[in-house]
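Colleague: Mind if I quiz you on the wording you use for this one? I'd like to see each label set against its cut-off.

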Amino acid sequence: GHCRLLCKPSALAQHLVRSLGRSAALRGGRWPWPRWPQLQMLWQLLQPPEPEPVVARELLQLPDAGVVALDWLVGPWGAAGGGGGVSSPVLLLIPNAAGKVTGGLLQLGLRALERGFIPVIFNRRGHNGCPLTTPRLQPFGDPGDLREAVTYLRCRHPSASLLAVSEGSGSGLLLAYLGESGSSSCLAAAACLSPIFRGRDWFEAGMPWLYEWPLLLHLKQGLSRYVGALGEVVDMDRLLGSRSLRELEETLFCRTRSRPTSWECYWERNEPLRDADEAAVPVLCLCSADDPVRGPPAQSLPKELFRSSPYFFLLLTPHGGHCGFPRRQPGRCWAHEAVLEYFRAMAEFLRTEERRKGLPRPR
C-alpha cells in the first residue's frame, strides 16, 4: 500500500521487504475515514475482541517479594482448545504503561493463538488486578520486572522461540529491556505497535485532553485501591489530585518520601532508547504519521536510529491513528497481521541462515 519501510540495508531487510510485500495485510480494504485518526483509535479501543478470550492467570513472585501477573490466553475454546505444542513460539504481549489491556491487544493474542503461538500478557505490579505486595510500582522504562518474567518464560518453555510485542506507551518498557539486555535478552524478535520513543518529551508535551483525561482517570482509579500501601512512600492526596500525566508520574516516582529524585535524573534512568545502540534483537516498529498520541513525526520519530542500526525497522503508514490501523475485513486491524507475518519471516530467515552457515540450533 502506502507503507514505507525505513531501515539500514541488509540481507534481513531485503528478506523482510519481500515478505511484507507479499502479505495481504498491507493490501487490505480501505478505511472509509482515513483522515480521522481519533475515530480510528476509538474504533479499535471500543470494539470488544471476537470471540471473547479465555485467560488463565499465573502470579510470579519477584526477588523483592513483589508480584507480577502472567495471563495465558487459552482461547474461547477452554484450556484444551487453542495453543501450540511444546516447541510452539511464545508471544509475550505488553500492554500500555497504564496497564490497560485493550480489545486490540486481546485480538492480537487470539490471532496469534489461531496460528499456533502461545500468547501470554505481562501485567505490571498493581495493574489489571495484579496484587500490589510492596509499596513500589514499576517506573516507565525500568525493565527489571520484565526481565524476571522473560527468564521465567525461558525456563518454562526452554525449546520454544520467545517473541514480544508491545502496544503504545508500553513499548518504552520493551525498548528499554532490549537495550539493557543486548544479546542476552532471550528474545528471538520483537515488535512495537505505535511506540512512544521519547518518554520525557511525551510527558512534557502532553496529549490532547480527549486521550489524557480518560487515561489519567484510569490510572487514578487503579492507584486508589492502594492508598494504604502507597501512602507510606507517596503523598496520595497530591497523587490523586494530579491534573496531568506528567504531574502523576513525577509525584509517584520523583517526589517520594524515601528516595526523592529530580525529573531529569528520573529520565536518565528511564528513557526507552537510552541503550538502543546495545540492542541485538530485530525490532519492527509500526507507526502512523497521523498518530495523535505520539505527536508529530518530525519530533517523535528517531529516524536516524532506523538508518544506522541493523536491528531496528520502521514500518511507517500515512494513516492509522494510535494503535488503530483499521480495516473492514475480519480481524479489523491490519497491523496485527503484519506483526505475525513479520515473526514468520524472521523465523524463516533465521532457519535459512542456520542452514547456510551450518550452525547447530540452540538447545
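Colleague: Why is Glu250 called buried?

Modeller: Buried means under 20% relative accessible area, exposed over 50%, and partly exposed in between, with a 1.4 Å probe and protein chains only. Glu250 has 15% relative accessibility, so it counts as buried. This is a predicted model, where local features need pLDDT of at least 70, side-chain atom pairs count only at pLDDT 80 or more, and totals for chains, interfaces and linings use all residues. Residues are numbered from 1 along each chain as its sequence is written, and side-chain values use heavy atoms, leaving out hydrogens and water.

Colleague: What makes Arg255 and Glu250 a salt bridge?

Modeller: The term needs a side-chain nitrogen of Lys or Arg within 4 Å of a carboxyl oxygen of Asp or Glu. For Arg255 and Glu250 the closest N and O atoms are 3.8 Å apart, so the pair fits the definition. Arg255 itself, at 42% relative accessibility, counts as partly exposed.

Colleague: And what makes Arg294 and Asp291 a salt bridge?

Modeller: Their N to O distance is 3.7 Å. Both ends are buried, because Arg294 has 6% relative accessibility and Asp291 has 3%.

Colleague: How do you know that Arg344 and Glu341 are separated by about one helical turn?

Modeller: They're 3 residues apart in helix H14 (residues 334-357); a helix here is a DSSP run of H or I, at least four residues, numbered from the N terminus. Arg344 and Glu341 also form a salt bridge, with 2.8 Å between the closest N and O atoms.

Technical notes: Helix = DSSP H or I, 4+ residues; strand = E, 2+ residues; numbered from the N terminus.
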